[in-house]
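Student: I'd like a close look at one part of this model, please. Could you walk me through the sheet and the contacts around it?

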Amino acid sequence: MFGVVLVSMIKDAYEDMKRHKSDRGENEQKTLKLDKATGKFEETNWENVRVGDICKVMCDKYIPADMLILHTSDPKGVCYVETKNLDGETNMKMKVCHKELKEVILNEKDVVGITGEITCELPNNSIYKYEGVMKCPQLRNQISLSPENLLLRGSSVRNTDYVYAVSIFAGHDTKVMMNSQSAKYKFSTLEWMTNTAILLILLT
């Protein structure tokens, strides 16, 4: 009986260790984040990306947070992403930089110099919904934001050399994390019977 309990403990510990290793691996993925002190983009871990940080995501790289597009390598402000980690779809989706942002942010220098304020909905798990507004000195009026302007954590940039974007939701507030559920323990009929027998023995 003790052997059964020991094996069960080892199995649970091994599964927890694998989950911890997976989480650590994702948090330690690299991205380019703007260092406001130097005005340059430097490599850092995903876990260091905070709301309001501006990142540069290269082609074939994964997006570290839910982010608003500021500028892309495409003259039309278009960006293509693959979202198979979010919804299982392998076909690419088109995202666009807001047309008024595209007119005032023309290069990396403009990205580094932009300031402003974004007001949006509270974090939620709807990956196809986003509402917000942005105002900044570079824009004539505040602009309305939509899901077309948003890059979601876990999706990857495709057919686009690079994208500059500012973090809207980070960490556990991202839509993919809010859709994740805690791991559920699974017990077989034999385990239930074994646990019941152990409990009865202890009570006896």
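In what sense do β1 and β3 pair, and over how many bridges?

Tutor: Keep in mind as we go that this is a predicted model. To your question: β1 and β3 pair in the antiparallel sense, over 2 bridges. If you want a spot to put your finger on, take Leu-32, which stands opposite Lys-56 in β3.

Now zoom out a little. That pair sits within an open sheet of 6 strands with antiparallel pairing, and the order runs β2-β1-β3-β12-β4-β10. At the edges you'll find β2 and β10 (150–151), each of which pairs on one side only. As a general reminder, strands of a sheet pair through backbone hydrogen bonds, either parallel or antiparallel.

Side chains add their own links around here. Side chains of opposite charge can pair when their charged atoms come close. Start with Asp-53 and Lys-33, which form a salt bridge whose closest N and O atoms are 3.6 Å apart. Lys-33 belongs to strand β1 (residues 30–35), while Asp-53 sits in the loop between β2 (40–45) and β3 (54–58), so this contact links distant parts of the chain, 20 residues apart. Both Asp-53 and Lys-33 are buried.

On the far side of β3, sequence-wise, comes Asp-60, in the loop between β3 and β4 (66–72). Asp-60 makes a salt bridge with Arg-158, with 2.8 Å between the closest N and O atoms. Because Arg-158 lies in strand β11 (residues 156–158), the pair ties together parts that are 98 residues apart in sequence. How covered is Asp-60? Its relative accessibility is 46%, so Asp-60 counts as partly exposed. This pair isn't on its own, either: salt bridges that share partners join Asp-60, Glu-82, Lys-84 and Arg-158 into one network.

For the tally, the model has 9 salt bridges. One of them brings Lys-93 and Asp-87 together at 3.2 Å, N to O. Asp-87 has a relative accessible area of 24%, so it is partly exposed.

One last stop, this time without charges. Tyr-80, Met-92 and Met-94 form a nonpolar patch on the surface, and together they have about 280 Å² of accessible area. Tyr-80 is found in strand β5 (residues 78–82). With a relative accessible area of 31%, Tyr-80 is partly exposed.

Note on methods. Residues are numbered from 1 along each chain as its sequence is written. This is a predicted model: local features need pLDDT of at least 70, side-chain atom pairs count only at pLDDT 80 or more; totals for chains, interfaces and linings use all residues. Side-chain values use heavy atoms; hydrogens and water are left out. A salt bridge is a side-chain nitrogen of Lys or Arg within 4 Å of a carboxyl oxygen of Asp or Glu. Helices (H or I, at least four residues) and strands (E, at least two) are DSSP runs, numbered from the N terminus. Buried means under 20% relative accessible area, exposed over 50%, partly exposed in between (1.4 Å probe, protein chains only). Two strands pair if DSSP finds at least two bridges between them. Patches are made of residues with over 30% relative accessible area and no salt bridge: like charges are joined within 9 Å, nonpolar side chains (Val, Leu, Ile, Met, Phe, Trp, Tyr) within 5 Å. Accessible areas come from the Shrake-Rupley method with a 1.4 Å probe; for residues, only the protein chains shown count as cover.
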